[in-house]
Amino acid sequence: MLQDKIKQFTEEIKGFAPTSAVDVENFRLKFLVAKGIVKGLFEEFKTVSTEEKRTLGKVLNEFKLLAEKTYSDAQAQFAQTKKSLQREEGDLTLPGEGFQLGSRHPLSLVRKEIVEIFKKLGFIVAEGPEIEDDWHNFSALNFPPEHPARDMQDTFFVEKKDGNDIALRTHTSSVQVRLMEMGKPPFRAIMPGRVYRNEAISARAHCFFHQVEGLYVDENVSFADLKQTLFHFVQELYGEGTKVRFRPSYFPFTEPSAEMDISCTICKGEGCQLCKNSGWVEILGCGMVDPNVLENCGIDSKKYSGFAFGMGIERITNLKYEIRDLRLFSENDVRFLSQFETELV
Ligand code: PHE
């Protein structure tokens with residue numbers, strides 16, 4: 001009985017000619033699973049006489065090996081066709097390959113946020129060149145000829161030219177000049193961009209960084225307008241209730257000049273490492289456009305007045321994300337960069 005069965009199934013296996021992976025799987029289900037034929041025959045083997053066992057044991061083992069080999073050969077054959085299919089035509093049944101989306105650089109995110117706030121107030125966005133001449137970066141902005149800021153220490157000079165050296169701009173205030181030279185008041189513009197200074201690179205200083213410049217020139221613009229605009233900006237950026245204070249300062253191109261502090265965003269004024277226990281952090285320089293600057297740009301300073309401000313985007317970003325080392329912004333370390341928002345635009 002058992003012998004007949006083995007013979008019959010051996011014939012069946014020998015004649016096995018699969019035409020698809022489904023046939024191969026059906027073979028496995030029929031012969032090789034726990035309740036399959038091979039196991040079944042081994043169960044039956046336990047019941048036969050010792051005499052029969054002697055002869056049938058070998059036959060049964062051979063049958064088992066045949067079934068296993070037939071299966072693994074057939075499996076290999078169809079794996080092969082599957083692979084070559086993928087290579088040649090692409091297997092349309094495979095799931096799609098996902099790809100990792102990039103994320104926005106934190107400085108881009110913050111620049112965009114700053115620009116959006118001012119756009120809502122009617123400011124246009126303007127840009128200027130990063131390689132600038134002395135006139136736009138310094139002279140037109142009322143820097144006296146021997147002013148220390150023109151010194152080699154701060155400025156990367158590109159080319160010496162009689163009285164109008166070419167340099168990498170040291171601030172975005174140069175764009176104020178370009179804008180005013182080009183048009184007629186009123187001006188209401190926000191000007192983001194990269195600036196360069198000849199500084200040793202450390203956690204707190206870098207040889208390039210980013211600024212956003214603001215300029216508002218019209219008839220009767222006053223310091224009250226400056227204060228109110230910047231106050232509004234801070235409430236939008238850091239939330240209602242953020243306090244501001246203005247401290248007198250000096251810039252050649254504004255008079256009077258001020259620096260603006262906000263109540264520390266980390267400790268809310270309690271005092272922490274970031275604000276050096278003062279409760280305040282400086283975020284920008286500002287002032288009323290010096291009449292000399294207006295005149296240098298061909299604007300009647302008797303008729304028009306204006307305010308300007310400039311802030312470092314890195315500084316604002318550090319406050320927002322509590323980043324303590326400026327170098328992170330330009331090292332392109334994806335472990336740092338991938339922590340920021342992904343925008344699907
Ligand atoms: N340009 C100044 C700086 O780089 C900032 C500033 C801009 C100050 C406009 C006043 C007005 O520090």
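Helices and strands are counted here as DSSP runs, helices having at least four residues and strands at least two, and they are numbered from the N terminus. In this predicted model, the chain holds 11 helices and 10 strands. The chain is more spread out than a compact globule, because its radius of gyration is 39 Å, well over the 20 Å that the globule rule gives for 345 residues. Along its principal axes, the C-alpha trace spans about 120 × 50 × 40 Å.

The domain assignment divides the chain into domain 1, residues 2-89, and domain 2, residues 106-337, and the centres of domain 1 and domain 2, taken over C-alpha atoms, are separated by 80 Å. Of the 345 residues in the chain, 41% are buried, while the area that the chain exposes comes to about 19,900 Å², with carbon and sulfur atoms supplying 52% of it. Among contacts between residues at least 6 apart in sequence, 66% join residues at least 24 apart.

**The nonpolar cores**

The largest nonpolar core has 42 residues, of which F118, F309 and M311 touch the most other members. Two or more residues of this core come from each of α5, α8, β8, β9, β10, α10 and α11 (334-337), and α5 gives the largest share, seven residues. Leaving aside residues up to four places away in sequence, F118 touches F123, I190, T229, L230, F233, F309 and M311, so that the list of its partners includes both F309 and M311. Apart from this core lies another, of 22 residues, with A140, F187, M191 and L294 among them.

**Two helices and their cover**

Helix α7 is largely enclosed by the rest of the structure, because seven of its 10 residues are buried. The buried residues of α7, and those of helix α10, are set out below together with elements that cover them.

| Helix | Buried residues | Cover includes |
|---|---|---|
| α7 (173-182) | S173, S174, V175, Q176, V177, L179, M180 | β2 (131-133), α6 (134-137), β5 (187-196), β6, α9 (291-296), β10 |
| α10 (313-321) | I313, E314, I316, T317, N318, L319 | α5 (106-120), β6 (208-218), α8 (223-238), β8 (254-263), β9 (280-289), β10 (305-312) |

Strands β6 and β10 are thus listed in the cover of α7 and also in the cover of α10.

Within helix α10, the residue T317 has a relative accessibility of 0%, and it therefore counts as buried. When residues up to four places away in sequence are not counted, T317 touches P106, L107, V110, E322, I323 and F329. One of these partners, E322, comes just after α10 and takes a positive phi of about 55°.

**An annotated position**

The unreviewed UniProt entry places the feature "binding site" at E255, a residue found in strand β8. Is E255 buried, exposed or partly exposed? Its relative accessibility is 48%, and because partly exposed covers values between 20% and 50%, E255 counts as partly exposed. With residues up to four places away in sequence not counted, E255 touches M288 and D290. The strand that holds E255, β8, is also among the elements that give two or more residues to the largest nonpolar core, and β8 is included in what covers the buried residues of α10.

Definitions and conventions. Residues numbered from 1 in each chain as written. Predicted model: local features only at pLDDT ≥ 70, side-chain atom pairs only at ≥ 80, totals over all residues. Heavy atoms only, no water. Buried < 20%, exposed > 50% of the residue type's maximum accessible area, 1.4 Å probe, protein only. Contact = heavy atoms within 4.5 Å. UniProt positions renumbered as here; feature names shortened; annotations may be inferred. Core = buried A, V, L, I, M, F, W, Y, C linked by side-chain atoms within 4.5 Å. Domains from an automatic or database assignment. Rg over C-alpha atoms; globule rule 2.2 N^0.38 Å. Areas by Shrake-Rupley, 256 points an atom, 1.4 Å probe, with all protein chains shown as cover.
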